[in-house]
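The exercises below are meant to be worked through with the sequence and the structure side by side. Try each task before reading the solution that follows it.

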Amino acid sequence: MKKFFLVWMMFLGVNAFAQRDANMGIIPAPVSVKKFKGEFKLNSETIILTDSPNHRAVKYFSDYLRKSGMTNSVTDMSFLDEKHRKVKNVITLSVNHKGEIPLEGYELNVDDGKVTIVGRNAGLFYGVQTLIQLMQFNKNGFTIPCTSVKDHPRFGYRGMHLDVARHFFDVEYVKRYIDVMAYYKLNHFHWHLTDDQGWRIEIKKYPKLTEKGSKRAQTKIGSQSKGDPELYDNTPYEGFYTQEQIKEIVAYAEARFVTVVPEIEMPGHSMAAIAAYPELSCDPSKPYKVGEKWGEYKDVYCPTEETFTMLNNILTEVMDLFPGKYIHIGGDEVPKDAWKASVFCKQLISDRNLKDEEGIQSYFISRMEKYINSNRHSIIGWDEILEGGLAPNATVMSWRGETGGIKAAQMGHDVIMTPGSGGMYFDHVQAKNPQEPLAIGGNAPLSKTYAYNPIPAELAKDQQKYILGVQANLWTEYIATPAKADYMLLPRMLALAEVAWTPLANKNFDNFSTERLPHHLALLDARGYNYRVPVAIGASDTTLTGANFTFELQPSVEGAKVHYTIDGYAPRETDLHVTGPVKVTVPAKKEIEFKTIVITLSGKRSNVTTMKLVNK
Ligand code: TNX
C-alpha cells in the first residue's frame with residue numbers, strides 16, 4: 001500500500017493546478033492565502049521542532065512523514081536555547097498563540113528556510129492538514145511553496161453522517177471515512193447505528209439486540225417506488241460492532257480531532273430492537289421481524305416505564321463509550337398508528353395531560369433528554385422533535401428543508417443544518433442521468449452542495465449564532481458496498497467541507513471545481529478512495545448550432561484523459577483523446593454527436609456527455 005502511494009505521488013509530480021490558483025490548491029479554501037516566490041525543501045535533514053510533542057497534530061505529521069518513507073524525528077524545543085531554535089531547515093509546530101488566533105484556527109508560514117505552524121488546539125492539526133496539501137513529492141522528500149496562510153473555520157460543527165444500519169460498513173471502512181473527513185477539516189462523525197433494518201452496536205445488558213437485531217433474513221432488491229416489483233435477494237444479512245471496536249474507532253477519530261456522535265433511534269425506526277425485545281412495542285403479542293425493506297414502519301417503541309428503563313440502560317452503555325457531548329436520539333418519522341391503537345397510550349395521554357399522540361412524541365423525547373442531561377450529555381434530534389413542543393436543551397438537526405432549523409433557532413435552540421433540499425443528502429443522485437447508479441432519487445449535483453449556505457436569510461442577526469454548523473448525510477438503503485459509499489461521498493464531501501469551513505466571500509465554485517478539485521481527486525485515487533469522476537471540464541449534454549466548432553476540454557481529474565468520438569458511439573480508451581483544441585466541422589444540413597468521457601489513470605470513468613452539433 002505504501003509503495004503504491006509513493007509511486008502515485010511521484011507520477012502526479014508538481015501540482016500544476018495549484019500554481020495558478022489563488023487558493024494554492026487548498027480545500028477547503030482558507031480565510032487568507034498569500035503566495036510568495038521560492039520554496040521550502042523538506043528533506044531528510046529537516047528538523048521538526050515543537051513545544052507540544054504529545055499534541056495529536058505532531059503525532060499525525062510525524063506518522064505521515066514516516067508513511068512517506070521519511071525518518072525525520074521530532075524534537076521538543078523546550079530543551080533548546082534561542083540560538084538553536086533559529087537553525088535553518090526546520091518545521092516548527094506550536095500551540096503558543098497568545099490568544100490572537102480564533103478557535104480551531106492556525107497560521108502557517110513557509111519561507112525557504114523554515115515552516116512554522118502556530119495553531120489553537122485543533123487548529124494545529126488543521127495547519128498540518130494544509131501543510132500536507134501543499135507538499136509536493138520529489139525524490140529527496142517534498143517541496144512546499146512559500147506562503148502565508150491565516151485560517152479558521154466558519155462553523156464549529158462540521159459533520160458527516162454514515163448510516164450503517166441499512167447496510168453495514170466494517171471498522172476498516174469507518175476509519176477510512178474518518179480519515180478523509182479529517183483531511184478536509186470536518187470534525188463530527190454522525191454514526192447512525194440503529195434503524196428498522198439492523199441494530200449495529202453491542203449492548204452488554206441486552207445481548208439479543210445484536211444476536212437477533214443485527215440480522216435480517218433478506219433485503220429488498222432495486223428501487224422501492226410505487227409499482228416496482230416486490231423483489232428480495234433471499235440472502236441473510238448481518239453485522240455489528242463490538243464495544244471494543246467502538247472504542248477503537250472513537251480513539252481513532254479523537255486522534256484526528258473528530259468527535260463521534262452516536263445515533264440510537266427512538267421512538268421510531270426501531271423494528272430491529274422490537275424484533276429482539278417485543279416488550280418494547282405496544283403489542284408484544286404480535287410477531288416482529290427485523291426490517292427487510294425501506295421506508296417507515298408503523299411499529300414504534302411504546303412509552304411505558306419498561307421501555308424507558310431499557311432505553312436508559314442502553315444509553316448508559318452508549319454514553320460510557322462516547323465521550324463527546326452529543327447523543328443523537330433520532331426522533332424522525334414516527335407514525336402514530338401504534339400509539340393510537342394502544343389503550344396504554346390513551347391512558348398516558350389523559351394521566352399526563354398530553355394533547356394527543358404528538359404530545360407523546362415530545363413526552364418521549366423530553367424524558368430521554370432528562371436522563372441524558374443528568375448524565376452530562378446533550379441530545380440532538382431530527383427536526384420532528386419539534387412536534388408537540390421541543391425538549392428544553394435539545395439541538396435540532398434540520399433535514400426536512402430549513403423550516404425546522406429556523407423555528408428552533410428562533411426559539412433559542414442550537415441547530416445543525418442538513419437539508420435534503422440544500423444538497424446535503426448524499427444518497428441523492430449526482431446527476432439526473434440514467435448512467436448514474438441506483439439511488440433513492442433526489443438530485444444533489446456537486447454545484448448544488450457547494451452552493452448551500454447554512455445561515456438562512458430568515459434569521460435575524462442575534463439568532464444566527466444558534467446555527468452551530470452543517471452536516472451532510474449518507475443514508476445507505478441503496479448503498480451496499482464501500483466502493484459505492486465512496487462514490488456517493490466523493491467529491492461532494494469536499495464541497496461540504498468548503499460550505500462548513502470557508503468564509504462565504506471566499507467561496508467560488510469555478511475555482512473549486514476546475515482549479516483545485518482535479519488535483520484532489522487524483523490524490524484521493526492515490527489514497528485508494530473511489531469517487532464519482534466529474535465529466536470533462538468544458539463538456540456537457542447540450543445542443544449547439546453552427547458549422548465549425550472548437551472545443552477546449554480539460555480532464556476533471558489530474559492525469560486523466562478525455563477521450564471522444566464523433567461517430568455516435570460511446571467513447572472509450574481506444575478512441576482519440578484530447579491533446580489540444582478539438583475542431584469539429586459539421587456539413588450543411590447535417591448533425592454530428594460529439595461525445596466525451598474522462599478516464600483516469602486508475603481506470604475510473606465519468607459519464608459520457610453528448611453535445612449535439614447541428615448545422616441547419
Ligand atoms: C429520511 S433523514 C430518513 C431516513 C432515510 C432517508 C433517505 C431522516 C431523519 N430520516 O430514515 O434513510 O430519508 O433519504
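**Exercise 1. Backbone geometry in loops**

Locate N121 and state in which loop its place is.

*Solution.* N121 sits in the loop between β6 (114–119) and α5 (122–134), where helices (H or I, at least four residues) and strands (E, at least two) are DSSP runs numbered from the N terminus. This is a predicted model, in which local features need pLDDT of at least 70 and side-chain atom pairs count only at pLDDT 80 or more, while totals for chains, interfaces and linings use all residues. Residues are numbered from 1 along each chain as its sequence is written, and side-chain values use heavy atoms, with hydrogens and water left out.

The next step is the backbone: phi of N121 is near 35°, a positive value in a residue other than glycine. With a relative accessible area of 40%, N121 is partly exposed; buried means under 20% relative accessible area, exposed over 50%, and partly exposed in between (1.4 Å probe, protein chains only). E333 can then be treated in the same manner: its phi is positive, about 45°, although it is not a glycine. E333 belongs to the loop between β16 (326–330) and α11 (337–340) and is partly exposed, with a relative accessible area of 25%.

Finally, consider the peptide bonds. I27 and P28 are joined by a cis peptide bond with omega about -5°, and P28 lies in the loop between α2 (16–20) and β1 (32–42). The bond from L490 to P491 is also cis, with omega near 10°, and P491 is found in the loop between α17 (482–489) and α18 (492–501).

**Exercise 2. The surroundings of β20**

Determine whether the residues of strand β20 are mostly covered or open, and identify the strands joined to β20.

*Solution.* Begin with accessibility: in β20 (residues 467–472), five of the six residues are buried. Turn next to the pairing, which requires that DSSP find at least two bridges between two strands. Strand β9 (residues 157–163) runs parallel to β20 and is joined to it by four bridges, with G469 of β20 as the bridge partner of Y157. Strand β19 (residues 415–417) likewise runs parallel to β20, through three bridges, and here M417 has V470 as its bridge partner in β20.

**Exercise 3. Salt bridges across the sequence**

Which parts of the chain does the salt bridge between R166 and D195 tie together?

*Solution.* A salt bridge is a side-chain nitrogen of Lys or Arg within 4 Å of a carboxyl oxygen of Asp or Glu, and the structure holds 25 of them. For R166 and D195, the closest N and O atoms are 3.4 Å apart. R166 lies in the loop between β9 and α6 (171–183), whereas D195 belongs to strand β11 (residues 194–195), so the pair ties together parts that are 29 residues apart in sequence. Both R166 and D195 are buried, and they take part in a network of salt bridges that links them with D163 and E477.

As a second case, the side chains of R532 and E436 meet in a salt bridge with an N to O distance of 2.9 Å. R532 is in the loop between α19 (509–526) and β21 (542–545) and E436 in the loop between β19 and α15 (446–451), so this pair ties together parts that are 96 residues apart in sequence. R532 and E436 are both buried.

**Exercise 4. The open sheet**

In what order do the four strands of the open sheet follow one another, and which strands stand at its edges?

*Solution.* The order is β21-β26-β25-β23, and the pairing is mixed. β21 and β23 (561–565) stand at the edges, each with a single partner strand, so one side of each is left without a neighbour in the sheet. From one strand to the next the twist averages 25°, the angles running from 0 to 180 degrees between N-to-C directions of axes that are lines fitted to C-alpha atoms, for helices over the stretch in contact. To finish, examine one pairing in detail: β23 and strand β25 (residues 591–599) pair in the antiparallel sense over five bridges, and I597 in β25 is the bridge partner of H563.
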